[in-house]
Amino acid sequence: MESKKCLECSESFVGRMDKKFCSDYCRNSYNNKINKDGKNLIRNINNRLRKNWRILEELNPKGKGTVTKKKLDMKGFDFNYLTEVYTTKAGKNYFFCYDQGYSILENEMYMLVKKD
């Protein structure tokens, strides 16, 4: 086996032909640096969507129900992040975060639904 240099710390090491790093620490450190800037926006959006989904799932255990806007706001729900808008033939909009969704009712009430 021939000696190679680690892509992260430049230390020499011996290992498989395709090995690029001297340790798991260097491999993780290298990949974190590479992915940090370009993936930040995507990571933040995915975190926001995941939080919205968890809120809807928590408030909608039976698959259908109603909730106030105030309660959604108190939980930290962000109405700017969703994965789909579904419009019925009657023109009613349902806003989805993956399989959890809501529709706007009157008096700051929302109907919660879950896709089958």
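## Strand pairing in the sheet

In this predicted model, strands β3 and β7 pair in the antiparallel sense over five bridges. Within that pairing, K64 stands opposite V113 in β7. Strands of a sheet pair through backbone hydrogen bonds, in either a parallel or an antiparallel manner. Here five strands form an open sheet, arranged in the order β3-β7-β6-β5-β4, with antiparallel pairing. The edges of this sheet are β3, residues 64-68, and β4, residues 84-87, each of which pairs on one side only. From one strand to the next, the twist averages 30°.

Further along the sheet, β6 and β7 are also joined in the antiparallel sense, over five bridges, and Y102 stands opposite L112 in β7. The pairing of β5 with β6, the strand of residues 100-104, is antiparallel over three bridges; here C97 faces Q100 in β6. Finally, β4 and β5 are paired over four bridges, again in the antiparallel sense, with T87 opposite N93 in β5.

## Hairpin turns

Two hairpins can be described by the strands that they connect. The hairpin of β4 and β5 has five residues between its strands, and G91, located in the turn, has a positive phi of about 95°.

The hairpin of β6 and β7 has four residues between the strands. In this hairpin N107 adopts a positive phi near 55°.

## The largest nonpolar core

The largest nonpolar core comprises 12 residues: L49, I55, L56, L59, V67, L72, F77, F95, C97, Y102, Y110 and L112. Helix α1 (24-59) and the strands β5 (93-97) and β7 (109-114) each supply at least two residues of this core. The most is given by α1, which provides four residues.

Several members of the core also appear in the contacts of a single residue. Leaving aside residues up to four places away in sequence, L72 touches I55, L56, L59, V67, F77, F79 and Y110. The core also includes residues already named in the strand pairings: C97, Y102 and L112 belong to it. Of these, C97 stands opposite Q100 in β6, while Y102 stands opposite L112 in β7.

## Cysteines and disulfides

A search of the whole structure finds zero disulfides. For C9, the closest cysteine sulfur is that of C22, at 3.7 Å, and this is too far for a bond because a disulfide requires the two sulfur atoms to lie within 2.5 Å. The same pair is found when starting from C22, whose closest cysteine sulfur is in C9 at 3.7 Å, again too far for a bond.

Both residues can also be described by their accessibility. C9 is partly exposed, with a relative accessible area of 32%. C22 likewise counts as partly exposed, at 31% relative accessibility.

## A buried serine in helix α1

S29 is found in helix α1, the helix that gives the most to the largest nonpolar core. At 18% relative accessibility, S29 counts as buried, because the limit for this class is under 20%. The side chain of S29 is joined to that of E8 by a polar contact of 3.2 Å.

Key
Residues are numbered from 1 along each chain as its sequence is written. This is a predicted model: local features need pLDDT of at least 70, side-chain atom pairs count only at pLDDT 80 or more; totals for chains, interfaces and linings use all residues. Side-chain values use heavy atoms; hydrogens and water are left out. A nonpolar core is a set of buried Ala, Val, Leu, Ile, Met, Phe, Trp, Tyr and Cys residues joined through side-chain atoms within 4.5 Å. Buried means under 20% relative accessible area, exposed over 50%, partly exposed in between (1.4 Å probe, protein chains only). Contact means heavy atoms within 4.5 Å. Two strands pair if DSSP finds at least two bridges between them. Axes are lines fitted to C-alpha atoms, for helices over the stretch in contact, and angles run from 0 to 180 degrees between N-to-C directions. A polar contact is a pair of N or O atoms within 3.5 Å; within protein, one must be able to donate a hydrogen and the other to accept it, and residues adjacent in sequence count only if both atoms are side-chain atoms.
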